[in-house]
Amino acid sequence: MQTLLSQKAKALSRAEEAEKILRSCVHCGFCTATCPTYQLLGDELDGPRGRIYLIKQVLEGNEVTAKTQQHLDRCLSCRNCETTCPSGVQYHNLLDIGREVVEKEVPRSLYERLLRTGIRTVVPRPVLFKILCTAGMIVRPLLPGALKRKIPPLPDSPRERPRRHHKRKVLMLEGCVQPTLAPNTNAAATRVLDRLGISVLSVPQAGCCGAVDYHLNAQERGLERARRNIDSWWPAVRHGAEAIVQTASGCGAFVRDYGHLLKNDKDYAEKAQVISSLAKDLAEVISAEPLETLNPSANQRIAFHCPCTLQHAQKLGGAVEEILTRFGFSLTSVPDGHLCCGSAGTYSITQPELSIRLRDQKLAALESGNPDEIVTANIGCQTHLSGARKKPVRHWIEIVEESLNPPTKPIELKPEEMISPFV
């Protein structure tokens, strides 16, 4: 579409990128058919085409209002529209640019400022999050019903991780909330990778991927976290780590974007591109291995919820389903599997009403095939869907591990075969 940026907008660091994206949109409207918020609200401004027009107005110097901010806030950043778009519009990048500009122009209420600051203070800090969340889990049985439903029950303790030394090595991002809410996910992934002859190296200096800050419009803080992770991983990358594995597709989508987000940073641009190229979802790593040698014996009916960050951001729709099929699981049909469950990072906190409506729709679709279990590939989706207190939702790697027959021979480890910290 024809675009004429204001002088103020031309001074933005991503002005050229914004103009290019705006000009690539032909306003065809295909995106509205697959936008979850447009489906719910029926408002053109709550669909991608409408939001693109709003951002265009902002960048052309028109008045920025709280209404503009509200429509942009309601976007899930699910990127379903990008999968649908025939013109290849990079909507999520334009949304990030627009949200940052609007955030500076429109003051938020005290409640919204406190809420967003609280999320950014607690969620990216695993130790603080664990202390607060565990305390809530302990007193959960004593809480009123409405509050009790917002706090997950205490999870089971994970089994011990393997400590064998293999020639092949990967890094694994532990995540912010997953170690507390679903501690067995990464442990199960490590054990399955061990069975496939791949060691997982621990880099405790690496922390939050940066998505929480970045998507709450504290974009520079999010990039600072990205730079810290790059520095933490770099020694292991130089020593031959073949991949940086994420078991949470939301984190994976953001790490894959490091190269793009830091392309103008002269100190980190090259390293960021390398890190992005090494970022792999667990499904990518597992699917490339000879799984049949693990002697799987699965016989369950499974409904798989493919997170938006897996199917739309990382373009890995079908990857987990293929693995589950190879292991012998029977997959049920999930109507409208392309639609978001409403979790969307912190969206379930900042937009609870819309989030719950989307969650209930998604659960109805997942349960329509009467599965034995529901699994997913992202801790946000897992926690959000489990919050309805219906069927428990787990990470797919857990049921994969449970389907494996134990090794035919016990393995005795020699001292020199034990893994020590890599960096």
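Visitor: What is the mean pLDDT of the protein?
Guide: This is a predicted model in which local features need pLDDT of at least 70 and side-chain atom pairs count only at pLDDT 80 or more, while totals for chains, interfaces and linings use all residues. Residues are numbered from 1 along each chain as its sequence is written, and side-chain values use heavy atoms, with hydrogens and water left out. pLDDT is the predictor's confidence in each residue, from 0 to 100. Of the residues, 95% reach 70 or more, and the mean is 91.

Visitor: Over which residues does pLDDT stay under 50?
Guide: For this stretch the model has 21 contacts beyond four places in sequence, a contact being heavy atoms within 4.5 Å. The residues are 408-423.

Visitor: Which strands stand at the edges of the sheet S2-S1-S3-S4, and why is one side of each left without a neighbour?
Guide: Strands (E, at least two residues) and helices (H or I, at least four) are DSSP runs numbered from the N terminus, and two strands pair if DSSP finds at least two bridges between them. The sheet is open and its pairing is parallel. Each edge strand has a single partner strand, so one side lacks a neighbour in the sheet; these strands are S2 (198-201) and S4 (279-281).

Visitor: By what angle are neighbouring strands of this sheet turned against each other on average?
Guide: Axes are lines fitted to C-alpha atoms, for helices over the stretch in contact, and angles run from 0 to 180 degrees between N-to-C directions. For the strands here, direction is ignored, and the average is 40°.

Visitor: Which residue of S4 stands opposite Val245?
Guide: Strand S3 (residues 244-246) runs parallel to S4, and three bridges join the two. Opposite Val245 in S4 stands Lys280.

Visitor: Which helix lies across S3 and S4?
Guide: This helix covers residues 249-256 and runs at about 155° to S4. The helix is H15.

Visitor: In S7, what is the bridge partner of Phe304?
Guide: A second open sheet has the order S6-S5-S7-S8 with parallel pairing. Within this sheet, four bridges join S5 (residues 301-305) to S7 (residues 373-376). The partner of Phe304 is Val375.

Visitor: Which residues of helix H5 are buried?
Guide: Buried means under 20% relative accessible area, against over 50% for exposed and in between for partly exposed (1.4 Å probe, protein chains only). Their cover includes helices H4 (48-59), H7 (91-105), H8 (110-122) and H21 (347-350). In H5 (residues 66-73), the buried residues are Thr68, Gln69, His71, Leu72 and Asp73.
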